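User: Hi, can you walk me through a protein model? I'm new to this, so short answers please.
Analyst: Sure. Here is the structure, and then we can take it piece by piece.

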Amino acid sequence: MKTNSLIMISLSISIIIIATVQGCAQTTKTPETSMLKFKKMVYTDQQGTQLEAFSFLMPADWQFEGGIWWMTDQPAMPANSSIRVFNPAGHETFEVFPNHCYFWTTNLQLLGMFPPGSKYFGTTVKKPADIITAIDNLVLKELKRPGLNVVSESEFPELVQLLGIGNNNTPGLSTNAEAAKIRITWTKNGVPIEEEIWGVTEQLTFPIQSMMGVTYNTLWYIDYLISFQAEEGKLEENTKIFQTITSSFKINPKWQAKYNNMVEYLAQQQIQRIRSVGEMSRMLSRMSDEMRADQLEQFEKRSNVYDKVAQMHSDNILGIDRYFDPYEGREVELPSGYNHVWCNNNGEYILTDNPNYNPNVGSNLGWQPLEKK
């Protein structure tokens, strides 16, 4: 069964956090915008587990909206998510779209009872599609971008290899995965917008023995749906910011363990018996927040994806510098090109070229200068 949801981290709007400071969230530096400030965004799954679900760095003058919602009628994917991180003073946006989950079967009798478009155990019945067709017909139509024009579409096998999906050694279980990236343009309030969307389709097919012979059921997903947006012609110059957001994205393993346990519980039951979010929340509270060794290994492999996805977004890997954060006790990646970097115990970072600037002046947050690794 599928055990990654976020991304997920592909988050109904359940929380909005707004932080505004001086500075501009772009990597192009001018005398007026020679400082860049990041803050740590922490999202808590208030509807379900009551745990911190994920965290990441975002420019301090950008806004966040989105979250995780639990679906009490879909055992194959009981939680989904979407997030949007954007510059309110511009058009730069990082977005994660909800995952899609579908069911298909070669059992004609079953299809007669559950035709395409209906729900089978909470999952929409739909014939599998290749990744580009899936994004064109299912994802782009949902976005409803005014004046949408597809500039380019291409398969993205490197992303499949990076994720380590599509290969399976389990007898009787067939898997397949495809990835693509699509560049589109559209108009927002009269401003031309350029957007690049990445996505993956995953298929799990298994045989079912019956009196009519062997038929095959397929669960398939559209996931890892990530979008980078900016005013047309300015997408590449904001790469460093997008890299910082994606490379800093961390899923809480205790939240992931709760999700894994819920998927397995529903799979074992074969039918959704949880009738309300309140009952589901109580069930989640009784479930372990620790992962089995096999789940932990898979989680760690997939968590590393965000670092690599950030690097893949740009050919200029040197756009990011690495620092050690003494408060977090770990390495952080921040945009290069700044001579002075400071951090505090709230998970905020300031990047500046001004050698005389000291954020401790007039502040009680305990800012410390960072050195490059």
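User: Which strands pair with β10, and over how many bridges?
Analyst: First, keep in mind that this is a predicted model. Strand β10 covers residues 149–155, and it pairs with strand β11, residues 174–188. The pairing is antiparallel and runs over six bridges.

User: Which residue in β11 is the bridge partner of valine 150?
Analyst: Isoleucine 184.

User: And what about β11 and β12, how many bridges there?
Analyst: 15 bridges, with the strands paired in the antiparallel sense. Strand β12 spans residues 191–210. As an example of facing residues, proline 192 in β12 sits opposite threonine 187.

User: How many residues lie between β11 and β12?
Analyst: Two, and the strands form a hairpin. In the turn, asparagine 189 has a positive phi of about 50 degrees.

User: Let's zoom out. How many helices and strands does the chain have?
Analyst: There are eight helices and 19 strands. The chain has 373 residues, and 51% of them count as buried.

User: What about the surface, how much does the chain expose?
Analyst: About 17300 Å². Carbon and sulfur atoms supply 50% of that area.

User: New topic: the sheet with β14 in it. What is the strand order?
Analyst: It goes β14-β3-β2-β18-β17-β19. That is an open sheet of six strands, with antiparallel pairing.

User: Which strands stand at the edges?
Analyst: β14 (250–251) and β19 (368–369). Each has a single partner strand, so one side of each has no neighbour in the sheet.

User: Go inside the sheet. How do β2 and β3 pair?
Analyst: Strand β2 (residues 35–44) and strand β3 (residues 52–59) are antiparallel, with seven bridges. Lysine 39 is opposite methionine 58 in β3.

User: Which helix packs on this sheet?
Analyst: α4 does, and it touches β2, β3 and β14. The direction of α4 makes about 160 degrees with that of β3.

User: How many residues of α4 are buried?
Analyst: Eight of its nine residues, 239–247. So the rest of the structure largely encloses helix α4. Among the buried ones are Ile241, Phe242 and Ile245.

User: Phe242, okay. Which residues does threonine 93 touch?
Analyst: Phe242 is one of them. The contacts also include Trp62, Arg84, Phe86 and Phe228, leaving aside residues up to four places away in sequence.

User: Where is threonine 93, and is it buried or exposed?
Analyst: Threonine 93 is in strand β6, residues 93–96. The residue is buried: its relative accessible area is 2%, and the cut-off for buried is under 20%.

User: How many disulfides are there?
Analyst: Zero.

User: Then what about cysteine 101 and cysteine 343, buried or exposed?
Analyst: Cysteine 101 is buried, at 7% relative accessible area. Cysteine 343 is buried too, at 0%.

User: On to charges. Why would side chains pair up at all?
Analyst: Side chains of opposite charge can pair when their charged atoms come close.

User: So how many salt bridges does the count come to?
Analyst: Twelve. In one of them, glutamate 65 meets arginine 84, with the closest N and O atoms 3.2 Å apart. Glutamate 65 lies in strand β4 and arginine 84 in strand β5, so the pair ties together parts 19 residues apart in sequence.

User: What does lysine 372 form a salt bridge with?
Analyst: Aspartate 321, at 3.5 Å between the closest N and O atoms. Lysine 372 is in the segment after β19 and aspartate 321 is in strand β15, so this pair ties together parts that are 51 residues apart in sequence.

User: Buried or exposed, those two?
Analyst: Lysine 372 is exposed, at 52% relative accessible area. Aspartate 321 is buried, at 15%.

User: And arginine 330, what does its side chain meet?
Analyst: Glutamate 328, in a salt bridge of 3.6 Å, N to O. Arginine 330 is partly exposed at 25%, and glutamate 328 is partly exposed at 29%.

User: Last one: which residues are linked in a network of salt bridges?
Analyst: Arg183, Glu194, Glu196 and Glu236.

Notes. Residues numbered from 1 in each chain as written. Predicted model: local features only at pLDDT ≥ 70, side-chain atom pairs only at ≥ 80, totals over all residues. Heavy atoms only, no water. Helix = DSSP H or I, 4+ residues; strand = E, 2+ residues; numbered from the N terminus. Buried < 20%, exposed > 50% of the residue type's maximum accessible area, 1.4 Å probe, protein only. Contact = heavy atoms within 4.5 Å. Pairing = 2+ DSSP bridges. Areas by Shrake-Rupley, 256 points an atom, 1.4 Å probe, with all protein chains shown as cover. Disulfide = S-S within 2.5 Å. Axes fitted to C-alpha atoms, helices over the stretch in contact; angles between N-to-C directions. Salt bridge = Lys/Arg side-chain N within 4 Å of Asp/Glu carboxyl O.
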